[in-house]
Amino acid sequence: MIERNSQPRGTPPAAAPHDNTAADSSWDGFWNALDDTQRTALRQVARPRGYASRAPLCYQGEESDHIIIIKDGWAKVTSTTEDGHDVVLAVRGPGDLVCESAVLGSRRRSATVTALSPLSALVVPAARFTAFLDAYPRVWMLVSSTLVRRQDDADRRLQAHVSAKGTQRLALLLADLAELSAKRCPPSRDGSIDIAPPLSQEELGSWMDASRETVARALSDLRGHGLVRTGWRRITVVDLSGLREFAHTPAPSGTH
């Protein structure tokens with residue numbers, strides 16, 4: 001059983017001078033940033049659960065009553081617009097904390113999280129998770145840094161998409177996904193990286209605010225430059241540094 005201390009619930013503590021739970025450049029997901037004691041304590045208040053591909057983990061608009069930590073598999077985060085279209089906002093993978101609005105007070109969920117592949121997870125009721133945070137207040141820093149990091153990533157991608165053309169935007173997105181994938185599975189001997197989240201061209205288009213046809217043309221262009229290989233729901237980044245350079249090279253005037 002978790003013992004509570006005097007830390008007020010819902011209030012992140014000030015960062016300690018040598019807080020080893022603070023986010024840094026080697027960030028590899030919420031779960032992996034916990035120490036062994038914290039992981040053991042969290043398992044004790046969690047319930048293991050599996051999700052089939054395309055199964056929802058939580059729905060936009062529902063009341064927040066639990067958080068989920070992905071142990072294996074991938075999920076997409078989507079938001080439904082007023083006209084009923086689903087827009088991909090992000091992907092989450094092994095070690096990531098999702099449906100975390102349950103710890104931010106009484107509010108409805110702002111997005112839907114759906115499994116992209118068979119997925120295993122730990123499900124923790126909101127009250128048990130906040131009690132865990134009371135017992136291990138430094139973990140609040142991980143929750144806070146997770147939210148800040150995600151907002152920074154979204155802002156960075158939005159700024160890049162405003163100034164980049166279609167193929168550049170896809171190159172930037174694939175470069176980010178390749179770096180994310182490489183943290184979970186090492187690159188091949190030739191340096192190529194398989195994009196781990198199994199996203200369709202339609203889902204990629206939704207994420208970068210483009211049509212499926214635009215994504216198909218952009219992939220063809222990137223293949224022509226020798227930067228990626230493609231197959232059925234499979235994209236391999238052949239040259240990550242080249243892809244990143246392509247993404248940040250201004251496109252010739254008049255191109256899309």
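Buried residues account for 47% of the 256 residues in this chain, and the model they come from is a predicted one. The chain folds into 8 helices and 11 strands. Contacts reach a long way along the sequence: of those with a separation of 6 or more, 74% join residues 24 or more positions apart. On the outside, about 13,500 Å² is exposed, with carbon and sulfur atoms supplying 50% of that.

Now for the interior. In soluble globular proteins, nonpolar side chains tend to be buried together. Here the largest nonpolar core has 29 residues, and Leu170, Leu174, Leu177, Leu222 and Leu243 have the most contacts inside it. At least two residues each come from β5 (86-92), α5, α6 (201-207), α7 (212-224), β11 (234-237) and α8. The top contributor is α5, which gives 8 residues. There is also a second, separate core of 19 residues, with Trp31, Leu34, Leu97 and Val143 among them.

Take Leu170 as a sample of the big core's wiring. Setting aside neighbours within four places in sequence, Leu170 touches Met208, Val215, Ala218, Leu219 and Leu222.

How do α5 and α8 pack? Two packed helices are described by the angle between their axes and the distance between the axes. Helix α5 (residues 166-184) and helix α8 (residues 240-247) meet at an angle of about 145°, and their axes lie 8 Å apart. The crossing of this pair is left-handed. On the α5 side, the residues involved are Thr167, Gln168, Ala171, Leu172, Leu174, Ala175, Asp176, Ala178 and Glu179, while α8 brings Leu240, Leu243, Arg244, Phe246 and Ala247. Sorted by class, that makes 9 nonpolar, 2 polar and 3 charged residues.

Helix α8 has further partners. Its buried residues are Gly242, Leu243, Arg244, Phe246 and Ala247, and they pack against α7, β10 (228-231) and β11 as well as α5.

Another helix that is mostly covered is α3 (residues 126-135), where 7 of the 10 residues are buried. Those residues are Ala126, Phe129, Thr130, Ala131, Phe132, Leu133 and Asp134.

Loops deserve a look too. Ile195 sits in the loop between β9 (193-194) and α6. Is Ile195 buried or exposed? Ile195 counts as buried because its relative accessibility is 11%, under the 20% cut-off. Leaving out neighbours within four places in sequence, Ile195 contacts Leu174, Leu177, Ala178, Ser181, Ile235 and Val237. With Ile235 there is quite a sequence gap to bridge: the two are 40 residues apart along the chain, yet their C-alpha atoms are separated by 5.6 Å.

Then there are two backbone oddities. Most residues other than glycine have a negative phi, and most peptide bonds are trans. Arg54 has a positive phi although it is not a glycine, and Asp209 also has a positive value without being glycine. The table puts the pair side by side.

| Residue | Phi | Loop | Relative accessibility |
|---|---|---|---|
| Arg54 | about 80° | between β1 (47-51) and β2 (56-58) | 70% |
| Asp209 | near 55° | between α6 and α7 | 67% |

Why do they count as exposed? Arg54 does so because its relative accessible area is 70%, and Asp209 because its relative accessibility is 67%, with the cut-off for exposed being over 50%.

Technical notes: Residues numbered from 1 in each chain as written. Heavy atoms only, no water. Helix = DSSP H or I, 4+ residues; strand = E, 2+ residues; numbered from the N terminus. Buried < 20%, exposed > 50% of the residue type's maximum accessible area, 1.4 Å probe, protein only. Contact = heavy atoms within 4.5 Å. Areas by Shrake-Rupley, 256 points an atom, 1.4 Å probe, with all protein chains shown as cover. Axes fitted to C-alpha atoms, helices over the stretch in contact; angles between N-to-C directions. Left-handed = near helix turned anticlockwise from the far one by under 90°. Nonpolar A, V, L, I, M, F, W, Y, C, P; charged D, E, K, R; others polar. Core = buried A, V, L, I, M, F, W, Y, C linked by side-chain atoms within 4.5 Å.
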